[in-house]
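Open the model in your viewer and keep the selection panel at hand. The stops below go from one protein interface to a DNA strand.

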There are 2 protein chains.
Amino acid sequence: MTRSKAYPKGVAKRDEILHTALDVIARNGYSRTSVRQLAEAVGLTNAGLLHYFESKEHLFAEILRMRDEVDAEAQRSPGTSSLDALVSTARHNAKVPGLVQLYSRLAAEAEDPAHGAHEYFRDRYANLRTSVAASIRQEQEAGAIRRDADPERLARLIIAMADGLQTQWLIDPSFDMAAEISYLISLAAVLPDEQ
Amino acid sequence: MTRSKAYPKGVAKRDEILHTALDVIARNGYSRTSVRQLAEAVGLTNAGLLHYFESKEHLFAEILRMRDEVDAEAQRSPGTSSLDALVSTARHNAKVPGLVQLYSRLAAEAEDPAHGAHEYFRDRYANLRTSVAASIRQEQEAGAIRRDADPERLARLIIAMADGLQTQWLIDPSFDMAAEISYLISLAAVLPDEQ
DNA sequence: GTCTATATGCTGATAGAC
DNA sequence: GTCTATCAGCATATAGAC
């Protein structure tokens with residue numbers, strides 16, 4: 001509550017902007033969210049808002065970075081592998097379509113190397129792949145996942161699938177993302193009995 | 001060459017616009033391609049070009065529809081299943097990054113129900129899923145794919161994965177899309193010997 | 001450091017003349 | 001079928017007030 005050196009006005013405002021921006025996107029959709037709207041929602045002019053961020057693109061990447069941290073926090077509890085995390089994240093995401101849309105749209109825009117979020121996504125994919133691959137290796141040692149699967153390759157495939165499912169779900173939300181991811185993992189499991 | 005009733009000027013011009021548009025996107029990237037540029041490339045003003053299409057969004061969807069038809073044609077040859085088609089399409093796509101970018105970016109934008117290409121993608125996903133599921137069923141009967149896998153669900157997962165791989169590849173083209181899809185299909189195959 | 005005001009040059013789209 | 005003219009909206013940049 002009281003302002004300290006560790007939490008100066010600038011950081012608080014930045015944080016407020018990020019949270020408000022996510023709210024506005026969730027309400028109005030990514031396509032219909034301009035910097036001016038975000039600025040207005042937080043009581044600033046557009047130039048005032050962009051004082052806190054390098055660009056609109058960087059602002060959006062910061063929202064996702066914030067989300068990543070919250071998610072990582074939630075999964076630091078013992079006994080959750082990255083694979084379980086993918087399923088529970090998918091389950092949670094189904095309740096926040098605005099956030100899913102932000103992620104999906106920004107990832108696509110960031111395909112352009114000149115986009116402000118390009119590096120964020122490049123690094124995010126690399127780190128996520130390492131983390132998921134490590135979990136796969138663990139599960140293999142525990143005998144839960146077939147040992148003939150290449151952890152790194154399988155990790156990339158699972159991450160790609162999670163992303164692709166989000167796109168399909170946003171275009172036609174007639175299925176359960178978490179259930180489908182969970183189904184894939186069950187297919188990667190050691191078969192009880194090969195018929 | 002000679003203009004006939006079956007190939008009037010309007011259709012020819014439309015076709016020219018679609019092909020030129022794809023060229024320009026491939027050269028300049030999706031982000032940096034405006035209607036005005038496309039119009040100029042084909043010798044029209046932007047208003048003149050938009051006379052042929054409902055909107056920019058519809059124009060782009062038409063390019064992809066054209067691509068779908070070409071691809072479908074190429075795979076009508078005997079002995080190619082939808083699964084083989086996915087792999088060979090991925091192999092071909094790696095040579096036309098501009099087209100991959102168009103597909104990936106437009107799919108993301110079309111998540112908005114108000115987007116001009118929303119219905120195109122909704123229908124495309126549904127049709128593709130049906131087609132891939134049928135191929136999976138065939139392979140299962142032939143004993144090439146595990147019989148315990150649900151064709152419809154697996155089809156959705158494979159399509160999602162192909163899309164997600166395209167995003168990852170456009171952000172960091174340091175892997176072989178076709179090889180990864182092929183690898184997934186091999187994992188779905190009946191195991192020679194469960195260890 | 002924080003912010004307003006203002007300006008530039010894009011964008012897709014439309015109305016109506018020819 | 002194609003044009004000109006025009007529009008509202010956009011992200012972004014800069015100068016400078018406080």
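Begin with chain B and chain A, which are joined by 4 salt bridges. The model is a predicted one. For one of these bridges, select B:Arg32 and A:Asp112, whose side chains meet with 2.9 Å from N to O. Widening the view to polar contacts across this interface gives 18 residue pairs, both residues at pLDDT 80 or more.

Next, colour helices H6 (97–109), H7 (118–141), H8 (151–171) and H9 (177–188) of chain B; each supplies at least two residues of the side that touches chain A. Which helix gives the most to that side? H8 of chain B does, with 14 residues. By residue class, this side of chain B has 22 nonpolar, 8 polar and 17 charged residues.

Now show both partners together. Chain B and chain A each bring 47 residues to the contact. About 4,400 Å² is buried between them, with 57% of that area on carbon and sulfur atoms.

Move to DNA strand D and select its surroundings: 16 residues, with A:Asn46, B:Lys9, B:Thr45, B:His51 and B:Tyr52 the closest. The surface there comprises 5 nonpolar, 7 polar and 4 charged residues. Helices H2 (35–41) and H3 (46–50) of chain A, and H1 (9–28) and H3 (46–50) of chain B, each supply at least two of its residues.

Finally, zoom in on single contacts with strand D. Phosphate oxygens lie 3.2 Å from a backbone N or O atom of A:Val35 and 2.9 Å from a polar backbone atom of B:Thr45. At A:Asn46, a polar side-chain atom is 3.0 Å from a base oxygen. Of the strand D atoms within 4 Å of the protein, 63% belong to sugar or phosphate, and the rest to bases.

Methods. Residues numbered from 1 in each chain as written. Chains lettered and ligands numbered in written order. Predicted model: local features only at pLDDT ≥ 70, side-chain atom pairs only at ≥ 80, totals over all residues. Heavy atoms only, no water. Near = heavy atom within 4 Å. Polar contact = N/O pair within 3.5 Å; in protein donor to acceptor, adjacent residues only side chain to side chain. Helix = DSSP H or I, 4+ residues; strand = E, 2+ residues; numbered from the N terminus. Nonpolar A, V, L, I, M, F, W, Y, C, P; charged D, E, K, R; others polar. Contact = heavy atoms within 4.5 Å. Buried area = accessible area lost by both parts, 1.4 Å probe.
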